[in-house]
Amino acid sequence: MLIRTAPTGKTAPRLINDLLDHDPRHAFMHGGRNLLADPAPRFRGQGSLGPRKDKMDCRHKLMKKEHQTNAPRSEDERPDDSTEYKVAAYCSACLYHFDVTANFWKRNDRKTPCNLSDESNPLHHLRLAKSQTSKEYKEKHGMDKYDQSIEAHSFVCSGTECPLVVDIKISPPRLNHHMLSYIFDTAKLDARGRREIKNDPERYSGMAPIKPLQALGYLRQYLSDAKGAKSKTELKKIARRNKKYMLTFADECDELFEYLDFVAIEEPSSEPEDGPNCFWQLPIITDINRNFIADVLHEIDLLMVMRPQDEGSRTTVYHLPALKDIERSLGCFDYPKRNRTVDLSRDEHPYYISLGAVDDFTDKYLEWAYERQCECDPSNKPYYLDCLADLANGRQSADLQTRLVMATSAGELGLKAIEDSYRYFNLNPDSVEGDGHIMGLYKSRIESAPRQKDEARECLLNIAKHRNSEKIEALANDKTMSFEEALEFLGISVDTASDSIEASAVALSLESSDKAKIARALRVIASQRSGDFTLQRAAAAMESGSGGSTLDVGDAYNRLQIGSRGVPDEIVFTYYQSLSNGAPSGSKDSYTEALRVIALDRQSNFLLRKLEDPNADVQASTSEPVGLDNIGNTCYLNSLLQYYYTINPVRDMVINFQQHRMGLNDEDIKNKRVGGRIVDKSEIIKAQKFVEELHNLFENLKTASSRSVKPTRELAELTIFSSAAVADFRRASISSPHGPPNLSSIMDGPVYGPQWPPPLPPPLPTTVEEDIEMIDHPRNKITENGDDSSEATLVDLDQLPPSYGETTGNEESSPGDDAVMVNGEDSSPDRPSALEKPPPIPPRNKSGLVIQTNENKDLLPNDELWKFGSQQDVTEVIGNVMFRLQCAIKPTSIEETSGAQIDIIRDTFFGANTVYTQKAQSLERKTEAWPSIIVFPGKVGRDIYEALDVVYDEQQVEIDNTTVPQYASLSKLPPILQIHIQRTDFDHETHRAFKNRNPVVFPETIYLDRYVDTGDPNSAIMRRRREAWGWKELLRTLEARYAALKNDQAQISVLDALSATKDFVSNLQEEEIEGIEVDPALPEALEERISEVAAELEAITGRINDLRSRIQGQFIDMREYEYKLQSVFIHRGEAGGGHYWIYIYDFEHDIWREYNDEWVSEVKDRRTIFEHQGGAGGTPYYLVYVKSSDIKNLVNAVCRDVQEVEVTHTTEEWPDLMENGVSAALNEDEDSPEMRHVEHAKPRPLRPKPSVIEQSAWEADAWKENEGLKDGAKVDANGKPW
Ligand SMILES: [Zn+2]
Ligand SMILES: [Zn+2]
């Protein structure tokens, strides 16, 4: 069944014509084509089409069934919105039945039916909307002798205001061949008569067998009687023993009688030996069979007429023609027709049929039909143009010729012209070749035969139009202009200033009419000058003629149906393309206008270039960062890589890696300590491989001329997985046949992004002090030797290289007496350590499984690892990256106390806390280095200071069964301060991890003065801190009291409870219920208590507010250690999946940008960054602040150096460091036999470059103990001038 409306249509006269020609019996004779419903075949010249009809086909002579018909009585009758015309007809030749229904109420949102006085809609133009064959019809409606339709078609009028729906139902004669054979077959009737006569010659003496005409007559009589009967009781019975009946029908025609609803009746005979008397009762006429019986009667009438004259005389029955009724119903009775000599022997020209027209249309109607057809079926416009052209010729019509000239001058093409154009390039017009192929053919053609260029261009243009290909059109229009040509055309030089160029262009436009070419020249120069916007605007103005569009930007977005103005340029262009592709040229222009307005508003070089040439491979601007393609399930990888690229020390080190590369001789390796850990050679090699990959990526980010580049899978794996993690995972995979469970296997689909990290430790006891969290802080899991196998460490740093929990101790600390928090269950001995950490699984070599041990050898083998990677925490990954970077490079110095390596990475990111623990005898001091501070959103959200306070404020810890106070100070301020907002929380009821979406409010600027270590417990800062701690403790007590009085858990406050009690007691008192005595003083006492509680609540509220504002204001004047926000990592989604992106601030241009995989776009509304308050939009989970005084040296958001890179091959000579383990410095000019395949867009060789930053800034002595630091000194905690 066809459900979509067909594109092509036919005018009502055409439809009627086709209905008359369509013979449902012989559809197979013309290739199965249904003349009524199927689209007309394309005529391609004499002999291209077979005959439209078969010789045997019936040209129906439709007769009306008066009683089933409701048609307009005159041609002036107009339908209204409740009208339904129906013409029930039968063909007097083939006896088929045709029901034509014209319905004007079904589509009642349309109000004006087409009519002859409406010039733009004189006739209905009907398009097939639904079509059912007999099989489909039977399946839907079941077998039904009363409705034997074999075809049902629905047409709707294409007139925009016309409600007309035409339904045509066709059914075969009610008396089919089989039924008819009982009475229509002369030989059969003759044999039947003779047999009866022979059986009982006496009874039938003088009688002869019956002729079909008579048989029909009898049947007609019975049915007429039945129809005429007023009531059931009046119905006659036909005695089957009746002589005439016996001669005509005998016992052979029961099937026919039953089919016609006769009812067999038996009555007991008066003489039992004769058997019962048998009768046919005439059919009872009901609503169900009325039309059926009437149809049979019509058929019998016609069948009788068909009998030969010698069978006898017959009554003349008049049949009323139905055509006029159909024409009136379809509004085409007596439409204006052209004068012509009708040649009945000739078929209509197929072009009329293609246009949905008929031969007798006037020129005006023919033109209208053509236009309507083009409108409905634009993709075949060229063919319709051919049709009209040929008919115009044949008619020698001046009007039609004029119309043709108009069409061609509007750029419309005939199908023949298109086909010729394809043939010019030896292509088949239906070629499925891509645009690129055709463009290639054109180029090679004009190269080999330059003189044919004009002809070739014209053909190419035709093809472009036919395919609606902007690419091809751009090529055909020769929109390519070189920079030199542009200069020459505008008469300017390379050095001419932009405004002078604009002036020249304007001057030129006064003489030349080819403004498009001037605009093009301007654009070429603009793009050469990094998208010079003055020139772009000038070009756009030149193109739109008057100097700009009046279209409002908002309307432009609406016109392109773009909901959000924040979408990247590429998306805008995609919307534009999808709308303008296939759009009529008028709408296309309006889309182009909208795109131009948006392009100018955005100052988007990309869009302006694409407007000019949709094929343009727009070079990325040097003032914009490049995006990173998403290479699959890589979580926050792209965010991280983009972030590192903006950190100068990292970028410069990676780009100049050779200068920093760690040597691989045994002596160096032996002395290497990253954190507290010895690093082996394979680890270093792997780390160097990582930096090389990163180097390639950074080079690409710097030099790519594309808008985005693609990280390699190798890089992704080396970034996300630490060696230890991979090894653990391999073991786990091997020991369980399915590997560790992962989200995608559970959720039956791909997971984009990581699982949120594993759950936090179980609950804190609910006490007044619950706000002090058991934080995931390095001081709780000091591991001196990197052995993490037995300690019940918290999970977050579990898999970090040990350097990240490192201690640079002093003599008072020892590994054995690690502080454990009092109020964390961490101290509970029976807490199962297995909660976060399954017991290690020893490697086992199962049969058939090979344990891979050589980690350096390959990429990780399969996607399982990626799934595993999705379980990693961002801190783990950042830890892994830093560890690898440190492993790869040589130290700038060695820390004396620990032997740990000091290097650029450590100097850049590592801060340190000094933890003070008040023991019985002494104040113990311990210093811990960290790469990031971990904070928590808390139960209701907090600001960044409140979150940091949890790390630094004093709290009670238990050491050796004694509770002692402990606090921390910031003893080394890192140049780059990384703060991880740990949003994974643990639901103690469901025992599941969930994402804590509570806001952590962060400002652009923070001051760390309040945490800075002064080395003096009685310094001014420490005094203020202690004061604040006191306030906070008081605050917690008050809040606990407040909560108790409010009694939130029971959902009734103490105050309300007291009030209710008092009311109850008072009632008891008033009602004086027997047996209950109420102390008369009770209500008064309650009343007293109520006011006490109310007063207390009020007082508490006042004090709480006072304390809060004091705490907030305590450090407000301390603004020496200032940091500025540089990056915000965002996660959207639940714990267990989601999407990641990053906002990075460009200090130089004061721009926030969103880096969302391949899209990098400016954030116009900064609230989107700072107002991530949870919800579905996304939550910040990692913040990066930069030391204010050194921003220029530390970060740079845009580091681009696009060059004309000539590299087109993808293979580069490459010293294979991995396999040789070569430690010698790389000589870039040295030829190496090793070849390496590089999968980058624009690969660049690894080569040393002079460092941008001054080496001295990162020298080893930069890191110093801050012993001599005095309160207020103008040096930072690193001993550097702040
Ligand atoms: Zn017919
Ligand atoms: Zn209409």
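## Two buried zinc ligands

A residue counts as buried when its relative accessible area is under 20%. By that criterion, both His124 and Cys157 are buried in this predicted model. Let's start with the metal site they share.

## The zinc site

Four protein atoms serve as donors to the zinc ion (ligand 2): SG of Cys114, ND1 of His124, SG of Cys157 and SG of Cys162, at 1.9 to 2.4 Å from the metal. Along the chain, these donor residues follow the spacing C-x9-H-x32-C-x4-C. His124 sits in the loop between strand E4 (97–103) and strand E5 (125–133), while Cys157 belongs to strand E6 (residues 151–157), so this pair ties together parts that are 33 residues apart in sequence.

What makes the arrangement around the zinc ion (ligand 2) tetrahedral? The four donor atoms subtend angles of 100 to 124°, and the arrangement is tetrahedral because all of these angles fall between 85 and 135 degrees. For comparison, the ideal angle for four tetrahedral donors is 109.5 degrees.

## The seven-stranded sheet

Strands E4, E5 and E6 also take part in an open sheet of seven strands, ordered E1-E5-E6-E7-E4-E3-E2 and paired antiparallel. Its edges are strand E1 (9–11) and strand E2 (62–64), each of which pairs on one side only. From one strand to the next, the twist averages 30°.

At the E2 edge, three bridges join E2 to strand E3 (residues 84–91), and the two run antiparallel. Leu62 has Cys91 of E3 as its bridge partner. Helix H1 (residues 12–21) lies across E1, E2, E4, E5, E6 and strand E7 (165–171), running at about 95° to E1.

## Strands E8, E9 and E10

Further along the chain, strand E10 (residues 277–281) has two antiparallel partners to look at. Strand E8 (residues 237–239) is joined to E10 by three bridges, with Ala239 partnered by Phe279. Strand E9 (residues 263–267) is joined to E10 by five bridges, and here Glu267 is partnered by Asn277.

## Nonpolar cores

The largest nonpolar core has 68 residues. Which residues have the most contacts inside it? They are Tyr643, Tyr644, Val650, Phe698, Leu885, Phe909 and Ile976. Setting aside neighbours within four places in sequence, Tyr643 is in contact with Phe909, Ile976, Gln978, Gln1126, Ser1127, Phe1129, Ile1142, Ile1144 and Val1184.

There is also a second, separate core of 61 residues, and among its members are Tyr96, Phe104, Tyr384 and Cys387.

Key
Residues numbered from 1 in each chain as written. Chains lettered and ligands numbered in written order. Predicted model: local features only at pLDDT ≥ 70, side-chain atom pairs only at ≥ 80, totals over all residues. Heavy atoms only, no water. Donors = N, O, S within 2.8 Å, 3.2 Å for Na, K, Ca; no water. Tetrahedral: all angles 85-135°; square planar, octahedral: opposite > 155°, others 65-115°. Helix = DSSP H or I, 4+ residues; strand = E, 2+ residues; numbered from the N terminus. Buried < 20%, exposed > 50% of the residue type's maximum accessible area, 1.4 Å probe, protein only. Pairing = 2+ DSSP bridges. Axes fitted to C-alpha atoms, helices over the stretch in contact; angles between N-to-C directions. Contact = heavy atoms within 4.5 Å. Core = buried A, V, L, I, M, F, W, Y, C linked by side-chain atoms within 4.5 Å.
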